[in-house]
Amino acid sequence: MTAGTVSDRPLEQPESASAAVHTEKLTKVFGSITAVDGLTFDIGRGEVFGMLGPNGSGKTTTIRMLCGLLKPTSGAATVAGFDVKTQGEEIRRNIGYMSQRFGMYDDMTVFENLDFYSSLYGLGGDKKRKRMDELLDTQGLRPWSGQLVGTLSGGWKQRISLACAIAHHPAILFLDEPTAGVDPAARRRFWDMVYELASGGTTILVTTHYMDEAARCQRIAFLSRGHLIAIGTSEEVTKQFGQPTIEEVFIELQRRDEGVTA
Amino acid sequence: MTPSSWRRSLLWPMLRKEFIQMRRDRLTFALLIGIPVIQLTLFGYAIRTEVRNLPTVVLDESRSSDSRSLISVMEQTQNFRIAGQAHSRDEVRDWIESGRARAAIVIPPDFQRDLKRHRTAYAQVIVEAADPLASSAAISGAALAASVRVNAILDPRSTRSPPVEVRVRPWYNPALRSSVYIVPGLIGVLLSITLLLVTSIAIARERERGTFEQLVVTPVSKTDIMLGKLLPFVAVGYIQMTSILILGRVLFNVPIRGSVLLLYVLSLGFIVANLGAGLLVSTLVETQLQAMQLSVFFLLPNILLSGFMFPLDAMPRVAQWISYALPLTYYLKILRGILLKGVGINALWHETLILIGFATALIVVSVKRFSKTVT
């Protein structure tokens, strides 16, 4: 990084890697079950990438491997240029993660949650205070800053959760069914926020069951039984399966899955 | 920032968060503070393993002023409550067998004569000991209480050998009050409850609410997560211990004969062992409810078989074997040793080493399991 470059990103982020996320025959086996089987794909910087698939298709396992929480059985993956097998801690410093459970402490205030997670991402002193002020304002959380998170609705919890996940300006943001259980207005607002982050250069990997959300992604990947079945823009994917909509593709996939099970 | 200094700096936010939550969680906080008071009152006042106000029948064959004063002194010890008079040995047997009396004071005809001749005068105390709790403690208590008082009253009349023979002389707790015995044990039991139950529930709560999932995707290390969770409870444990010591002293006049500092130092092994057990429980469960159930499963033998409520000697062999596998058994010896006997480390190194062994084993196993469940 050249001197004088203005960047909020952590310094250790390597410039060399072209893809934000890169996987190569990524595989995870639990006992006799192959949860993820030979996944190979790339996610470009600043891309909004959707991951779809029925429950148990291997989405969560994939995300866990990409976060450096689970060691792949075989294959390789890099996230922000770091090896998931050996550089879990570096990865976790450069990613944000938000799940449908929001992961906020109900018995702490909005401010305390934000303060806590900011501290865990290594922010401190003036830098932390400035960033927290910024997040409270941009997420519209200021009026609720002293409120216990447990007393707020799902939509607000979602905003706090997002604020905590991006406190450290992560290079990559993992969103695991982030809009489950929130109202349509909050969902729309959330996606506006996601696009804003992506336009700022943040790479977004999102899993969802909402087909309208899938359509908002620049590219989507379909997983089924641990395999990558299709990848591309939603037009490409629907064309590949000869279905009119992504929803039809999804249902068709689910049918195939169940056919195998039966 | 070097990796190690990064790691160190993240323990502080973990601890701060834990204290914020502890302050918010009024119920748990109240329980942590309230449990010692409630337990102490319960065990100190309500549960009495010593026998007081034992319904007693009197057979006074001496019918003298000395025998009457002996009886009244014994009554004053409050170990005995005179329920009636018997006129023969058979009648005494009858009283006890029928359950109308659980003890008898028998004063032979030559009691006053022996005293006057400066000979040892004998009085007999019979205690019905079918109730195991009343057994040895009651017998020795009765004999001792009687002899001590009788000596004090009757001594001036004899400058030579004591006029009433003392056979039993229990040490450390001359009044044989069970609170003196129970309160030190209560420290061990409460520490177990706090450290095992509350810790495992606190960790299970993070899993249940999904905050654990959020924590592990941040740069915070597993060590910091564990320490952040466990250290606050070490502090809580010491606070509880201190409050029981103070309350026990104020309410029940429980002695602190040995070094408090030594007690606090030796307690660390026990505390770490229980934190290890709490951590272990948390890795075996998914929900707070399961954590509670499994903790109680661990706690029950500790309370029943460690020698806290029932003396180890009185237990069947199998129960004794189990008691050897409980950290609390050894910690109770340390507590009672230091508080009641005033002994130093020399008398306790055996227990201390065993506790360190427990602590090491439990921490190694639980940390291993914890690291696995993080992913």
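Which residues of chains A and B line the largest cavity? In this predicted model, the lining is made up of A:Tyr105, A:Asp106 and A:Asp107 from one chain, together with B:Gln21, B:Arg205, B:Glu206, B:Arg209, B:Thr211 and B:Lys229 from the other. The largest cavity has a volume of about 60 Å³, and helix 7 of chain B, which runs over residues 178-209, gives the largest share of its lining with 3 residues. Sorted by class, that lining holds 6 charged residues, 2 polar residues and 1 nonpolar residue.

The structure holds 2 cavities of 30 Å³ or more, and the second largest contains about 30 Å³ of space. Around the second largest cavity stand B:Ile203, B:Glu206, B:Phe212, B:Leu215, B:Ile225, B:Lys229 and B:Phe370. Three elements of chain B, namely helix 7, helix 8 (211-216) and helix 9 (222-252), each supply at least two residues of this lining. By class, the lining of the second largest cavity has 5 nonpolar and 2 charged residues, with no polar residue in it. B:Glu206 and B:Lys229 belong to the lining of the largest cavity, and both names also appear in the lining of the second largest.

A last point concerns the cysteines. Over all chains, the structure holds 0 disulfides. In chain A, A:Cys67 counts as buried because its relative accessibility is 1%, which lies under the 20% limit for that class. A:Cys217, with a relative accessible area of 5%, is buried too.

Terms used: Residues are numbered from 1 along each chain as its sequence is written. Chains are lettered from A and ligands numbered from 1 in the order in which they are written. This is a predicted model: local features need pLDDT of at least 70, side-chain atom pairs count only at pLDDT 80 or more; totals for chains, interfaces and linings use all residues. Side-chain values use heavy atoms; hydrogens and water are left out. A disulfide is a pair of cysteine sulfur atoms within 2.5 Å. Buried means under 20% relative accessible area, exposed over 50%, partly exposed in between (1.4 Å probe, protein chains only). On a 1 Å grid over the protein atoms alone, a cavity is a set of points where a 1.4 Å probe fits but cannot get out, and a pocket is an open set with protein on both sides within 12 Å along at least five of seven lines; lining residues have an atom within 4 Å of a point. Grid points are joined across faces, edges and corners, and a volume is the space filled by probe spheres set on the points. Helices (H or I, at least four residues) and strands (E, at least two) are DSSP runs, numbered from the N terminus. Ala, Val, Leu, Ile, Met, Phe, Trp, Tyr, Cys and Pro count as nonpolar, Asp, Glu, Lys and Arg as charged, and the others, Gly among them, as polar.
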